[in-house]
Amino acid sequence: MFKTVRGMRDLLPVDAQRMRYVEQVSRTISKLYGYEEIITPVLESYELLAAKTSEEIRERMYTFKDLGDRKVAMRPEFTASVARLVVNKLKNEPKPMRLFSVGSLYRYDEPQYGRFREFWQANYELFGSARPEADAEILILTNNILKKLGLKNYRFKVGHTGILRGILTQEGLDDEKQNSVRQLLDKKLWADALELASNAGISQKGLATLESLLEIKGEDAFQVLEQIKDSIQEYESAVDAVDNLWKILELIQESGAQVDVTVEAGFARGLEYYTGMIFESYVPGLDIALGGGGRYDKLIELFGGEPIPAVGVAQGIDRIVLALTKQKVTQETSTNSVAVISVKDECMAKVLELAAMLRNKGLFVEVAVMGRSISKALADANRRGVAYAVIVGPKELEEQKVVLKQMKKNRQQTVKISNLIEVILMDST
Ligand code: AMP
């Protein structure tokens with residue numbers, strides 16, 4: 001018996017439906033905010049994907065040689081592909097440019113709850129604006145998706161890469177060392193991060209500042225930002241970073257958007273390309289981020305283009321589905337589903353004709369194709385939660401009529417075929 005490859009999953013109808021539902025809401029939001037969809041390949045050159053991702057992701061890429069001896073890899077994230085596209089084909093497009101992509105990604109992670117080797121993301125990127133309203137838009141949009149899906153009590157963990165960067169740069173650490181420190185902080189290995197910074201030659205004052213910073217976090221955003229500012233006064237660009245985050249959060253608050261945040265001074269995201277505000281979304285009881293994003297003004301430059309400021313977010317579709325399941329959020333299902341059942345074989349052509357007519361009016365129609373008795377066919381329709389059954393028999397057909405059964409109410413009536421759609425639509429509204 002063949003099995004799925006370790007870490008790969010089959011999504012059965014209920015799971016597939018949930019996933020597509022989240023995808024559909026993500027797509028609706030992309031339209032509401034003016035993000036245009038692009039589709040890039042799952043397979044890219046290894047060099048592109050390895051260029052600017054984190055060490056951790058680089059090591060976990062599915063990499064192989066194709067038959068033409070090219071070193072290729074399955075994308076572990078969208079951002080490199082989007083950057084490639086922007087640099088090669090979209091560089092002269094007017095700004096702002098808002099791009100949306102959705103699809104599967106591949107990372108050779110250790111499979112566990114909420115961590116899969118094949119997973120789906122909905123990705124939003126806003127190119128061309130370095131202004132705080134662009135960062136605010138990405139946070140508000142993410143908030144909007146989670147709200148529209150019906151999730152409750154979700155929060156955003158928010159920070160700014162400029163805080164740590166400001167301190168470490170002024171302390172003389174090069175980019176490589178800074179990335180290593182950031183990755184340790186991302187994994188919450190604080191003691192290791194401090195030790196690395198210390199070995200890299202950070203001053204005692206710098207170390208003390210870092211240490212105190214890691215403790216600062218809280219839900220009262222502006223109070224926390226004041227506190228951070230107090231502890232980093234001597235690091236000018238770190239202060240600028242706090243001011244930038246202040247402006248973003250102030251804009252959101254003053255716009256009336258209900259975005260609940262926890263500001264964390266020591267928050268770092270693993271990916272190397274972030275330059276500004278960073279965030280992750282969470283629901284209570286689920287210790288893994290539903291999505292994450294931030295500002296990456298240097299990304300396009302890193303991929304060989306003219307500098308273009310950018311801010312974006314990746315929503316983890318699989319994890320959002322887990323959160324919906326955990327919070328028992330059920331999605332609305334259509335009530336306009338119909339099973340069409342023939343009493344006798346001779347009515348089958350009429351059944352197909354009626355099914356086509358109902359579908360043309362937008363109803364979801366299943367034809368009974370097993371040749372079962374009426375009672376068995378009805379029981380089967382019931383089991384699958386179909387709202388109506390249309391029973392087509394020779395006697396009723398003589399008068400251009402059929403029997404319509406409302407499954408939930410267990411009521412049935414004889415209806416003229418010419419009135420059938422009207423009766424169903426009247427009943428279902
Ligand atoms: P990242 O690209 O690492 O910033 O991740 C963004 C989002 O993608 C995360 O917040 C998760 O929701 C999702 N994600 C990342 N890795 C995985 C994985 N291995 N399995 C499922 N979801 C993932």
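A nonpolar core is a set of buried Ala, Val, Leu, Ile, Met, Phe, Trp, Tyr and Cys residues joined through side-chain atoms within 4.5 Å; buried means under 20% relative accessible area, with a 1.4 Å probe and protein chains only. The model is predicted: local features need pLDDT of at least 70, side-chain atom pairs count only at pLDDT 80 or more, and totals for chains, interfaces and linings use all residues. Residues are numbered from 1 along each chain as its sequence is written, and side-chain values use heavy atoms, without hydrogens and water.

**Exercise 1.** Find which residues have the most contacts inside the largest nonpolar core, and which helix gives the most to this core.

*Solution.*
Step 1. The largest core has 60 residues, and Tyr124, Leu151, Phe156, Ile228, Ile232, Leu249 and Val263 have the most contacts inside it.
Step 2. Helix α11 gives the most, with eight residues. Helices here are DSSP runs of H or I with at least four residues, strands are runs of E with at least two, and both are numbered from the N terminus.
Step 3. Take Val263: leaving aside neighbours within four places in sequence, Val263 is in contact (heavy atoms within 4.5 Å) with residues including Val158, Ile228, Leu245 and Leu249.

**Exercise 2.** Decide whether Val338 is buried or exposed, and locate this residue.

*Solution.*
Step 1. Val338 is found in strand β13, residues 337–342.
Step 2. Val338 counts as buried because its relative accessibility is 0%.
Step 3. Beyond four places in sequence, the contacts of Val338 include Leu358, Phe364, Tyr388 and Ile424.
Step 4. The C-alpha atoms of Val338 and Gly385 are separated by 9.7 Å, with the two residues 47 apart along the chain.

Conventions
Buried < 20%, exposed > 50% of the residue type's maximum accessible area, 1.4 Å probe, protein only.
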